[in-house]
Amino acid sequence: MTSIILVILFLLQLISFYFIALLNAKLTKFNNMEQKQEQILAEIEDSFSAYIAEIKDENDRLLRELNHTDRVVAATTEQVEEKEDTIETTPVFEVPKAFVSKQLAANSYLKTASVIEKKEPVTIKEKVFFYADEGKSVDEIAQKLQIGKTEVELFLKFKH
C-alpha cells in the first residue's frame, strides 16, 4: 500500500514540476515581450523627439525668412508708392457684356431639353412602341424586330 502511495506522490511531484516549468516559460515569454515593448516605446519617443527638433528648426528658419521678406516688402512698397505718384490716371474702358434675351434663352433650353428627352429604345417593348409611334404597321414592326405579329399586337394592345 505504501508503494502505491509513493508512486502516486512521485507522479504528482513530476506533474507539479512540469507545471512549474510551464509557468516559468510563460513568465519568461511575458518578460521578453515587455522588454520588446519598452524598446519599441523608446524608439518611438526618439523618433518623435527628432521630428519635433526638426519642426523647431524649420520654424526658426521660417521666422528668419519672414523677417527678411518683411524688410524687402517694406522697401518695395516704398518704391511702388513713388511710381504710383508719377503715373497719370487714365480712364478705364469697360467691355460691355453680351445681352441675351430671356425668350432666346428659354427657346434654347427647350430645344436642348427635347433633344435630351428623346432616347433610343432598348427593350423589344420600347422598340415596338417607338415604331408604332412612327406610323409603321404591325407587319413592318414584326419584320424589323424579327418577332411574331401576334406578339406586336399584344404589346400594342396592352400599351397602358
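Here is a short tour of the fold, the core and the surface of this protein chain. The model is a predicted one, so please read it in that light. It shows a chain of 160 residues, of which 6% are buried. The secondary structure consists of five helices and zero strands.

**Overall fold**
- Following the sequence from start to end, you meet the pattern α-α-α-α-α.
- Helix H1 covers residues 2-86, and Leu 12 sits in it.
- Take the contacts between residues at least 6 apart in sequence: 31% of these link residues at least 24 apart.

**The nonpolar core**
- Eight residues form the largest nonpolar core, namely Val 128, Phe 129, Tyr 131, Ile 141, Ala 142, Leu 145, Ile 147 and Val 152.
- Two helices, H3 (124-133) and H4 (138-145), each give this core at least two residues.
- Val 152 is a handy residue to click on here: setting aside neighbours within four places in sequence, Val 152 touches Val 128, Val 138, Ile 141, Ala 142 and Ile 147.

**The surface**
- About 15300 Å² of the protein chain is exposed, and 62% of that area comes from carbon and sulfur atoms.
- One nonpolar surface patch measures about 1200 Å² and includes Met 1, Ile 4, Ile 5, Leu 6, Ile 8 and Leu 9.
- Further along the sequence, Leu 12, Ile 15, Tyr 18, Phe 19 and Leu 22 also belong to this patch.
- Leu 12 therefore links two topics, as a patch member and as a residue of helix H1.

Key. Residues numbered from 1 in each chain as written. Predicted model: local features only at pLDDT ≥ 70, side-chain atom pairs only at ≥ 80, totals over all residues. Heavy atoms only, no water. Helix = DSSP H or I, 4+ residues; strand = E, 2+ residues; numbered from the N terminus. Buried < 20%, exposed > 50% of the residue type's maximum accessible area, 1.4 Å probe, protein only. Contact = heavy atoms within 4.5 Å. Areas by Shrake-Rupley, 256 points an atom, 1.4 Å probe, with all protein chains shown as cover. Core = buried A, V, L, I, M, F, W, Y, C linked by side-chain atoms within 4.5 Å. Patch = residues over 30% accessible without salt bridge, like charges linked within 9 Å, V, L, I, M, F, W, Y side chains within 5 Å. Salt bridge = Lys/Arg side-chain N within 4 Å of Asp/Glu carboxyl O.
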